[in-house]
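I opened this entry to log what I looked up, item by item. The order follows my own curiosity.

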Amino acid sequence: MEPAQQRRVYGFLSLAVVSLVLTLYQMRSSIGTTVLPDFHKDHTEIATRGAFQSSIPRVLNNDRKIKNNCNISLAKVFPPGGDCVDSAEKRLKQTKKTMLTSTSKTDYSQYLEQRNQSNIPFDVYKLAPKIFNEVPPEFLSRYKNPCWDRGRGLHCLPFFYLIGMPKCGSSDLYMKLTSHNQIIPAKRKEPAFWNKQRFIWGPKGFNQYMDIFSDFRDRLLLRDNTSEHLITGEGTVASMWSTFDMARMDGDTGYGLPDILHAIQPDAKFFVILRDPLQRLSSDYHYFGDFKRSPSDLHQKVVMAINEFNRCKKRHKDDLYCIGVERSWSSDCIARVTLGIYSVLLRQWFKVFPASSFFIIKLDRWESDCVEVLRRAYSFLELDPLPDPELDKICSKNKALTGKRTKIPMLGKTRTILECFYKPYNDDLESFLASQLIDKRNL
């Protein structure tokens with residue numbers, strides 16, 4: 001072979017090798033961002049709850065092998081930049097850290113002495129020390145609603161909480177649910193106390209929360225023959241998902257809002273309204289932020305959110321901790337994809353409260369059978385039943401908080417990615433609800 005021919009052959013082989021290396025590298029990169037909810041083989045029960053006689057597994061049980069056979073690679077999208085950082089969320093996270101690290105064992109010991117007997121672990125107490133110090137171990141027996149008076153006036157917690165999920169019809173449900181004459185609604189449906197405001201309002205924050213139920217408190221103080229049967233409730237739909245991040249901030253205790261509420265109010269009742277996660281995300285995208293909406297903009301924000309979720313799971317090996325990871329970024333820069341992972345969240349709440357504490361509704365059933373849903377909801381709350389004409393009147397009210405912004409369509413590739421991402425969690429949700437007899441008991 002002539003020298004010139006040899007050079008050409010060697011050049012061709014060199015290009016082929018370089019091309020093969022680049023192809024393998026791209027394949028390796030795409031695997032790292034494939035939409036696969038990797039349910040972990042390792043199963044560690046992080047925290048034992050002592051007197052609660054249960055534990056919180058922070059990942060799904062390893063005896064349920066949930067596999068996703070889709071093989072969709074996400075385009076490389078850079079993480080949100082500095083302009084996208086949510087400064088308010090950043091300050092909130094720092095406030096949470098400060099509270100966790102500033103609560104001392106001395107504070108906890110004083111609390112135990114005042115209560116004489118208390119089975120609340122220190123790791124739960126430090127999540128909400130001011131609240132534990134304020135709320136007594138027992139409530140006034142003459143009221144159905146949890147209330148107390150420690151010499152500073154009457155205070156009341158909600159009898160029920162509508163804890164989830166955002167953009168699933170919760171405003172309409174709360175408005176119609178509280179139309180019963182034995183329910184006095186809060187001044188604001190979503191005071192956001194448990195998930196946010198208690199860290200922002202400062203020392204007087206709990207009193208501000210109590211003031212949201214002042215209409216209810218004033219009605220009780222009338223002491224008429226109906227007051228003892230009245231109840232109140234609130235509907236902060238971020239409550240279901242937004243406080244588990246604290247578990248990673250100080251020793252990875254695994255505790256969250258369910259533990260706080262169970263410690264102070266073990267008989268609380270909870271409503272959860274759910275929706276197809278793709279529809280929920282679309283509504284969420286159109287409702288929040290002032291950005292210019294378009295199908296391609298939504299697609300990029302979805303890809304970015306899933307990449308952030310996968311990056312988080314790679315670091316922490318934990319689905320629960322990574323739900324809501326998007327909140328570190330402005331809604332102008334990212335979509336809240338992970339709020340559609342319902343089953344992982346519900347399992348954590350059910351680890352603390354019994355299934356009988358929950359009334360779970362799907363939006364399509366609420367919209368198609370409002371009367372029957374309300375009838376069962378009022379029975380769940382142990383309220384006097386209402387006649388069908390009264391239920392019809394409530395259900396005929398205009399829907400609350402209907403979206404007024406023009407909806408843009410979702411690209412086919414965006415839908416495909418999301419269907420792939422959500423499918424294992426949707427399947428797990430149906431399995432979980434069936435195991436708890438939720439459909440039979442509620443609807």
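**Surface patch.** I began on the outside of this predicted model. Tyr287, Phe288 and Leu401 make up a nonpolar surface patch, and together they offer about 280 Å² of accessible area. I placed Tyr287 in helix α11, residues 277-287. Is Tyr287 buried, exposed or partly exposed? Its relative accessibility is 40%, so I logged Tyr287 as partly exposed.

**Overall counts.** Next I took stock of the chain. I noted 19 helices and 8 strands. The chain has 443 residues, and 52% of them count as buried. Its accessible surface is about 21,600 Å², with 51% belonging to carbon and sulfur atoms. I also checked contacts with a separation of 6 or more: 74% of them link residues 24 or more positions apart.

**Strands β7 and β8.** I then turned to a strand pair. Strand β7 (residues 269-274) and β8 run parallel, joined by 5 bridges. Across the pair, Val272 stands opposite Ile360 of β8. Strand β8 covers residues 358-362, and 4 of its 5 residues are buried.

**Nonpolar cores.** In soluble globular proteins, nonpolar side chains tend to be buried together. I looked for that here. The largest nonpolar core holds 112 residues. Leu157, Trp194, Tyr209, Phe271, Val337, Leu346 and Leu381 have the most contacts inside it. I followed up Leu157. Beyond its neighbours within four places in sequence, Leu157 contacts residues including Val135, Phe139, Trp148, Trp194, Phe206, Tyr209 and Ile264. The contacts of Leu157 also include Asn145, Thr232 and Gln265. Another core, of 8 residues, lies apart from the largest one, and Tyr143, Leu154, Leu220 and Leu230 are among its members.

**His299.** I wanted the surroundings of this histidine. His299 sits in helix α12, residues 295-316. Its relative accessible area is 13%, so I counted His299 as buried. Leaving out residues up to four places away in sequence, His299 touches Leu411, Lys413, Thr414 and Ile417.

**Helix α6.** Why did I call this helix largely enclosed by the rest of the structure? Because 7 of the 8 residues of α6 (residues 170-177) are buried. Charged residues are on that buried list too, including Asp172 and Lys176. These two form a salt bridge, with the closest N and O atoms 3.2 Å apart. They are 4 residues apart in α6, about one turn of the helix. An α-helix has 3.6 residues a turn, so residues three or four places apart point the same way. Asp172 has a relative accessible area of 5%. Lys176 is also listed at 5%.

**More salt bridges.** Searching the whole structure gave me 20 salt bridges. I checked Arg347 with Asp428, where the closest N and O atoms are 2.8 Å apart. Arg347 is in helix α14 (residues 342-350) and Asp428 in helix α18 (residues 412-435), so this pair ties together parts 81 residues apart in sequence. Arg347 is buried at 13% relative accessibility, and Asp428 is buried at 3%.

Arg365 pairs with Asp369, the closest N and O atoms being 3.2 Å apart. Arg365 is partly exposed at 28%, and Asp369 is partly exposed at 25%. Last, I noted a network: salt bridges with shared partners join Glu372, Arg375, Arg376 and Asp388.

How values were computed
Residues numbered from 1 in each chain as written. Predicted model: local features only at pLDDT ≥ 70, side-chain atom pairs only at ≥ 80, totals over all residues. Heavy atoms only, no water. Patch = residues over 30% accessible without salt bridge, like charges linked within 9 Å, V, L, I, M, F, W, Y side chains within 5 Å. Areas by Shrake-Rupley, 256 points an atom, 1.4 Å probe, with all protein chains shown as cover. Salt bridge = Lys/Arg side-chain N within 4 Å of Asp/Glu carboxyl O. Helix = DSSP H or I, 4+ residues; strand = E, 2+ residues; numbered from the N terminus. Buried < 20%, exposed > 50% of the residue type's maximum accessible area, 1.4 Å probe, protein only. Pairing = 2+ DSSP bridges. Core = buried A, V, L, I, M, F, W, Y, C linked by side-chain atoms within 4.5 Å. Contact = heavy atoms within 4.5 Å.
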